[in-house]
Amino acid sequence: MEVSVTVNGKAHHHDVPPRLLLVHYLREQLNLTGTHVGCDTSQCGACVVQMNGQTVKSCTVLAVQAAGAEIMTIEGLATNGEYHAMQQGFWEMHGLQCGFCTPGMIMSAVGLLKENAHPSDTEIRHALEGNLCRCTGYENIIKAVQHAASHGTAATNGDAMRQETKPETPETAAEIEHPQRDDGAPEKPETVEEWKGENAGV
Amino acid sequence: MAITEAPAKMFGQAIKRREDPRLITGKGNYLDDIRLIGTLHAAVLRSPYAHARIKSINTDAAKALPGVVAVITGDEIAKEQNPLPCAWAAGGVTNNVNTPRALAVDTVRFTGDGVAMVVAESAYLAYDALDLIEVDYEPLDVIVDAEAATQEGAPQLHENAPNNVVMRWTCGAEEATAQAIDGAEVVVKQRILNQRLLPTPMETRGYVSRYEPATGEYTIWMSSQAPHVHRLLLSAFVLGIPEHKMRCIAPDVGGGFGAKIFLYPEMAATLYAAKLTGQPVKWVESRRENYLATTHGRDHITDLEIAGTRDGKIMALRIHTYANLGAYLSTIAPGIPTTLYGRMVAGVYKIPNVFVEVKGVYSNTGMVDAYRGAGRPEATYVVERAVDLLATELGMDPAEIRRRNFIQPEDFPYDTGIGMLPYDSGNYEPALDKALEMVGYQEFRKKQAEARKQGRLLGIGVCSYVEVCGVAPSKWIGLAGEGWGAGLWESANVKVHLTGKVVVTSGSLPHGQGHETTFAQIVADELGVPYEDVLVEHSDTQGTPFGYGTYGSRSAAVGGTAIFKSTAKIKEKARRLAAHMLEAAEEDIEFTDGKAFVRGAPDSAKTIQEIALQASVAYDLPQGMEPFLDETTYYDPPNCTFPFGTHICTVEIDPETGKVTVLRYIAVDDVGKVINPLIVDGQLHGGIAQGLAQALYEGAVYDENGQLLTGSLMDYAIPKADMVPHYELARTETPSPVNPLGVKGAGEAGTIASGATVSSAVIDALAHLGIRHLDMPYTAERVWRAINERNGGKHVS
Amino acid sequence: MYPNDFEYVAPTTIEEAVQLLHTNEDAKVLAGGHSLLPLMKTRLASPPMLVDIGHIPELRQISVNGGISIGAMATYHEVAQSAELKQRCPILADAIHHIGDAQVRNRGTLGGALAHADPAADMTAIILALGGAITAQGPNGTREIAIDDFFVDMLQTGLEPDEILTAITIPASTGRTGMAYEKFKHPASGYAIVGVATVVHLDGAGAISDCRIAVTGAGPKPQRATLAENMLAGQQPSKENIAAAAEQTSAGLELLSDISASEEFRAHLVRVHARRAIERAVASAG
């Protein structure tokens, strides 16, 4: 089947078999090997790319389903040789070790910040449920996303890492399962009233 | 040439990693990213049975599929290759060795055992062809439990291993320990399980093999932690070719955790296929294959007995362990439950009488070998559970009983008397005190008491650990000693080039630990050159000196020391050449911060760059001096190193569902001196997550037919970001006297402690209900049942 | 990791899609693909043809006009982001927060989830509790299938092989409505070991005029806890009678036992989560 896609701003046109997965198209046909395959059950997120502005698992999309789409992979994130804030954040905060999950993790985190520019740690952890990392224990990944959210593309050269952060010392499971925001409102509204309060004026 | 300013000390600095720019931009070069012209793709057909005779294999239809170049079976390969070797043969202990072949011949012994390999023009086609291979199996009886496998009447896997026993190994004093237990004031017995785990590196294994007929040389790219070792074993033992006819290259490796240390059948099979087809052959495993056929970890059944006095002094510890080693022996499999487990069960305590008996056992399950911590998480879990059980029996506070039994700082180096090397240095109490302070131990106990009145379940777990890493002195670990079929020294070559740039080649290689950064930090300091001027090269057997690889948290202690010693040799030669350049006596020359000068006349200094230039052009060298600044060290450590610390964890358990939530995780670790705190912290975070995951989420499950029920990420729960807590880290620093860097190693310490820590917290949360022990993983159902059985079956809802 | 070969068609009208299903035996509908493609990659399913309905514009619409209509191709993300739906039917966004992960939610569709009817899906219980209906279009035209009749057995629905689920409708609610979803997640797959969705309607005096409790994950298909529903009908909600009703939610359910959870534990989780869901639903009744 003939398929036209734009990837990292460049137009491509190929004849592909219907069963070719988008991740294989990107890696094998376009030689964009930054996107990785880490599992066979659509869970690990190593294959996450941006498709028409949304993050998707490219192992669970057929290349033919991406016909006409605009795709961005990790290779397209930096602009004019300047790192994206998320790339800078991962570098500053040691948010990667072996690096295999990193492209997908970065792409997912970029997707998060598009929808929520200042997420809490809990929101970050929830947003990254679809990206597995075996090396970092996630600690510095959370910090990397926070760095991107608060410092943008600035290189802080470890200063951000060395700053004292308020230690989280949860005392009950409820604090973790149903975290409160600073204004006392629950992070995750549980009743219609809370939704209405949050969305007043919508 | 301009004199460069002496740079600030790099050792101890938390600098960003130089590996990252290529990894954060998608320019990493992992195994599946390797493209060679003409590459064919391989897929392995694997046995669906855990134990069966292969009656026949019909590959005709598969071979006829367009795009398929070859279909290979075990019989063909067996004509040219030997089985894989097992490198462990403990002196004085019978070791009934059975190892896998490239592809199985006659019999398959675990679900996933490879029986045929397809080589095709694309991976898609290779998998299509797998479906066309017909294998006629005759199923045989299956045994998966290690204890049951040793009983009379159990199905036998191998003729040379009666009752499926690989080896029976002991350490410690059997008689004295028996007497001490018989005469003790208090004795507690408990059976504990350390469940089988799946290492799950995010990058699965893969190999690309190529054969050059004109030279008879092979090249194999491998997602591996030890390419030099693989080169030696594959050439000398499996293929029977001269060692120098193979080159092994590890590209960027996406995690290993031990599973990529070993020799694997698919390495041998792809080498065979490359020679057969005359084209490069690439094989990359699926996650399901990774779960079936890449090595597993742990899987111990242990009966422990701990004896003590009424006032909390530990008098004896007796351990019996069945170690399930799987269907065949992986490369170093029996070494893990022996050297690295049995000899570490005394932990941080002075225990006058210890006896350990380990039976390694074959079963129709995947091969078991080292997995992050390799024996030490198992040892820590055993001794910490034992100490907690004794504390409960005595009604004593768990922190207090530990304090009373610690090895004291003045006792080091300390020999535990069970055949482990002496612990190098230690100071256990400050770490315990710091951890107790960070968590607010007394406060928490008060809150726990209040919570219990309200029916809420809060728990706190304390784990004090010591571990052995920085492996290992060759004489001790080798064949005549512990029985590992290798020395465990490490190598490094350092060259200062004409323009003053430094290239380090190391037998040690990273798979996420940041060696390119930390090794450069060491060299920059020692030679006084800018950090940017140091390049670290690794992972290719061509161009690096032989090294034993990266595992056992040895890269800093052993690999780093080899580098350090090479820089020392460079400095010595530079000093002598500088003396000649300065027309001074050698003994009057000092070398500091990259400059050599006559003592008392620092302005006359020659920089290392100037010296390197002179050494390279060799216009005027002292009599007998060879050109170039180039030094190699093969460093055999005099001892292992022994990181230690205390971890504390608090949990809350939902009494209605049994769900465990970790509230806080505190880790106070002493890893000796720290080269890069950012990287050490990262290793601890990741290590803690893996042990925590063993306690709460993970567990490989085989049914009685040997089917792996947890064969994908749908069933095997490695933690996601919202399943782990924030980690609160602190350090004490007790330098290791073993190596000049003073480092102990940090790669595994987190995992070694965290399983025991979380376990302790969960059991503590349930202790007031009369629950003394519960096996991991603490799934909601398991905890709920424990609670309700204690409540006489009354449901809590 | 590599699906078998198949033919792929991307029609632009529902009629075209229906016709393709009608004339190609064993052809499957491709919506978000996050249930079907994983099965195909492990070769547990190898349909000879995929009919991609992702290019049919009418299937993406979400409309709130008295009742609610959600097109088959509306993704979880789109449904969760819809301000109108959050206002009128907050249980949808609430539950979607717990489904899959961000990437699954960007591609997965409610229509696909219902047509696939995984025994541990969340949406099946949600729609069952809302008392919605399925619009199906086949070669003989369009029909409505009440949700109570829709789930036939494990992975089997009332759709004919040549019918396409085109929309999910949820009736307008009158008076005070409260709704909640409580889920006990599988730590690996993220699916519901047990999920309980509850929708309650309160009358002018604050008594429960109507109550629907739907359970997923526990059995081969989503089930209603009718005994418990009947116990609550007409009652002034109180902690005690909610607890008593919750105690009965597992009665009469078909329960599964597997390595995730035993039958006994599942039954227990149903009761616990039912109580929590009913309490929250009652509290949220505006």
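How many residue pairs are in polar contact across the interface of chain C and chain B? I began my notes with this question, and I kept in mind throughout that the model is predicted.

**Entry 1: chain C against chain B**

I looked up the polar contacts first, and the rule finds 13 residue pairs across this interface, both residues of each pair being at pLDDT 80 or more. I then asked which element of chain C gives the largest share of the side that touches chain B; the answer is helix 12 of chain C, residues 263-284, with nine residues. By class, I noted 11 nonpolar, eight polar and six charged residues on that side of chain C.

Turning to the interface as a whole, I found 25 residues of chain C in contact with 25 residues of chain B, and a buried area of about 2,100 Å², to which carbon and sulfur atoms give 56%. I also looked up the salt bridges, of which the rule finds six between these chains, and I wrote down the pair Glu656(B) and Arg276(C), whose side chains meet at 2.7 Å, N to O.

**Entry 2: the domains of chain B**

Next I went to chain B, where the domain assignment gives domain 1 (20-27 + 489-635), domain 2 (36-375) and domain 3 (406-471 + 641-790). I chose domains 2 and 3 of chain B, whose C-alpha centres lie 27 Å apart, and noted that 47 residues of domain 2 are in contact with 47 residues of domain 3. The area buried between these two domains is about 3,700 Å², with 56% of it from carbon and sulfur atoms. Met344(B), Val348(B) and Arg372(B) supply 20% of what domain 2 buries against domain 3, more than any other three residues.

I counted one salt bridge between domain 2 and domain 3 of chain B, and I also recorded that the side chains of Asp411(B) and Lys350(B) meet in a salt bridge at 2.7 Å, N to O. Across the interface of these domains there are 20 residue pairs in polar contact, with both residues at pLDDT 80 or more. Strand 7 (165-172), strand 8 (186-194) and helix 9 (287-293) of chain B each give two or more residues to the side of domain 2 that touches domain 3, and strand 8 gives the most, with seven. That side of domain 2 has 25 nonpolar, 14 polar and eight charged residues.

**Entry 3: helix 4 of chain B**

Why is helix 4 of chain B, residues 123-130, described as largely enclosed by the rest of the structure? I found that seven of its eight residues are buried, so the description follows; among the buried residues are Tyr124(B), Tyr127(B), Asp128(B) and Leu130(B).

How values were computed
Residues numbered from 1 in each chain as written. Chains lettered and ligands numbered in written order. Predicted model: local features only at pLDDT ≥ 70, side-chain atom pairs only at ≥ 80, totals over all residues. Heavy atoms only, no water. Domains from an automatic or database assignment. Contact = heavy atoms within 4.5 Å. Buried area = accessible area lost by both parts, 1.4 Å probe. Salt bridge = Lys/Arg side-chain N within 4 Å of Asp/Glu carboxyl O. Polar contact = N/O pair within 3.5 Å; in protein donor to acceptor, adjacent residues only side chain to side chain. Helix = DSSP H or I, 4+ residues; strand = E, 2+ residues; numbered from the N terminus. Nonpolar A, V, L, I, M, F, W, Y, C, P; charged D, E, K, R; others polar. Buried < 20%, exposed > 50% of the residue type's maximum accessible area, 1.4 Å probe, protein only.
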